[in-house]
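This is a walk through one structure, taken sheet by sheet and then along its surface. Please keep the sequence and the 3D view at hand while reading.

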Amino acid sequence: MKKAQCAASPAKSETPSSKRLRPADSPGITSPAGKDIADILESIDKRLSSFDARLSFVEILHREFKCLRESLEFSQQQVETLAAENATLKESVKCLTENVTQLNRENKKIKETVIDLQARSMRDNLVFSGIPEAAGEDAETTVKSFIKTHLKLPEDTVKNIVFDRVHRLGPIRAAAGRPRPIVAKFGHFKQKEHVKSRGRELKGTDFSVNDQFPKEILERRRVLFPIRRGFIQKGSRAVIAVDRLYVDGQLHRDPDITPWLY
């Protein structure tokens, strides 16, 4: 009996240490140390999650930066291409400008040549202004009568004057209007100059006798007349020859007044 009791007694008996340890071993109860570890692990997990989020954001920024860099590189290439094209265009514009300038110079020379040829073709012509106009008149007879009466040339001299052509200028005007001028082309230059030299006889009258010029030269002469008058008033000797002003024997050049000379 004693042996049986001894054998059964160990199963029933518990030590104080075993009693203290039992609550701690229970799965439903967490010790303070375990709770701290769990908090630390949870904090680490949150930080890792935050780090992952930031890492994802950094990756997004990296991709955007990469796209931006590629865009900037493309833009730089475009700028370089445009700069090269602009340089080419500038060179082309420069060449075109030089060509236009050259063409303008050549055109001016051609125009001046044509004006000079027109002036030369009119070298033997005189324009008689203010002579009354009559229906069915013979212009040559009218001019010869005018030369004899108003320019006071001898009749024999007038009879010997040879004309190539004599006619009124422009369309017929109203009866009350100023008579059309008469242009006469002389057969001999000396005869023309002789008649022209008698123009002083017309001072104070409504008549005039002048060389015939192209309209471009007439415009230039209108510009030069008041300038010539100013030089004369200052005591200088000023003469207009066609479309050039000579002052004391020297050609008067002024880009603002005589641009056709440049």
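In this predicted model, four strands make up an open sheet with antiparallel pairing, and their order is β2-β3-β1-β4. The edge positions belong to β2 (163–168) and β4 (208–211); each has a single partner strand, so one side of each is left without a neighbour in the sheet. On average, neighbouring strands here are turned by 20° against each other, direction ignored.

Strands of a sheet pair through backbone hydrogen bonds, in either a parallel or an antiparallel arrangement. Between β2 and strand β3 (residues 182–186) the sense is antiparallel, and the pairing runs over five bridges. One residue to look for is Arg165, whose bridge partner in β3 is Lys185.

Two helices pack on this sheet. Helix α4 touches β1, β2, β3 and β4, and its direction makes about 95° with that of β2. Helix α6 (residues 189–197) touches β1, β3 and β4, with a direction at about 30° to that of β1.

Next come the aromatic side chains. How many aromatic pairs does a search of the whole structure find? The search finds three. One of them joins Phe128 and Phe146 in an edge-to-face arrangement, with 5.9 Å centre to centre and 80° between the planes. This pair links distant parts of the chain, as Phe128 belongs to strand β1 (residues 125–129) and Phe146 to helix α4 (residues 139–150), 18 residues apart.

Further along the chain, a three-stranded open sheet has the order β5-β6-β7, again with antiparallel pairing. Here β5 (238–241) and β7 (250–251) are the edge strands; each pairs with a single strand, which means that one side of each is left without a neighbour in the sheet. Four bridges connect β5 and strand β6 (residues 244–247) in the antiparallel sense. Within this pairing, Leu245 in β6 is the bridge partner of Ile240.

Helix α7 (residues 215–233) lies across β5 and β6 and runs at about 165° to β5. Ile227 is part of helix α7. Leaving aside residues up to four places away in sequence, Ile227 touches Leu245 and Ile257. The C-alpha atoms of Ile227 and Ala238 are separated by 9.0 Å, with their positions 11 residues apart along the chain.

The last stop is on the surface. There, Ile37, Ile40, Leu41, Ile44 and Leu48 form a nonpolar patch, with about 480 Å² of accessible area together. Of these residues, Ile37 can be placed in helix α3 (residues 32–121).

How values were computed:
Residues numbered from 1 in each chain as written. Predicted model: local features only at pLDDT ≥ 70, side-chain atom pairs only at ≥ 80, totals over all residues. Heavy atoms only, no water. Pairing = 2+ DSSP bridges. Contact = heavy atoms within 4.5 Å. Axes fitted to C-alpha atoms, helices over the stretch in contact; angles between N-to-C directions. Patch = residues over 30% accessible without salt bridge, like charges linked within 9 Å, V, L, I, M, F, W, Y side chains within 5 Å. Areas by Shrake-Rupley, 256 points an atom, 1.4 Å probe, with all protein chains shown as cover. Salt bridge = Lys/Arg side-chain N within 4 Å of Asp/Glu carboxyl O. Phe/Tyr/Trp six-rings, centres within 6.5 Å; stacked < 30°, edge-to-face > 60°.
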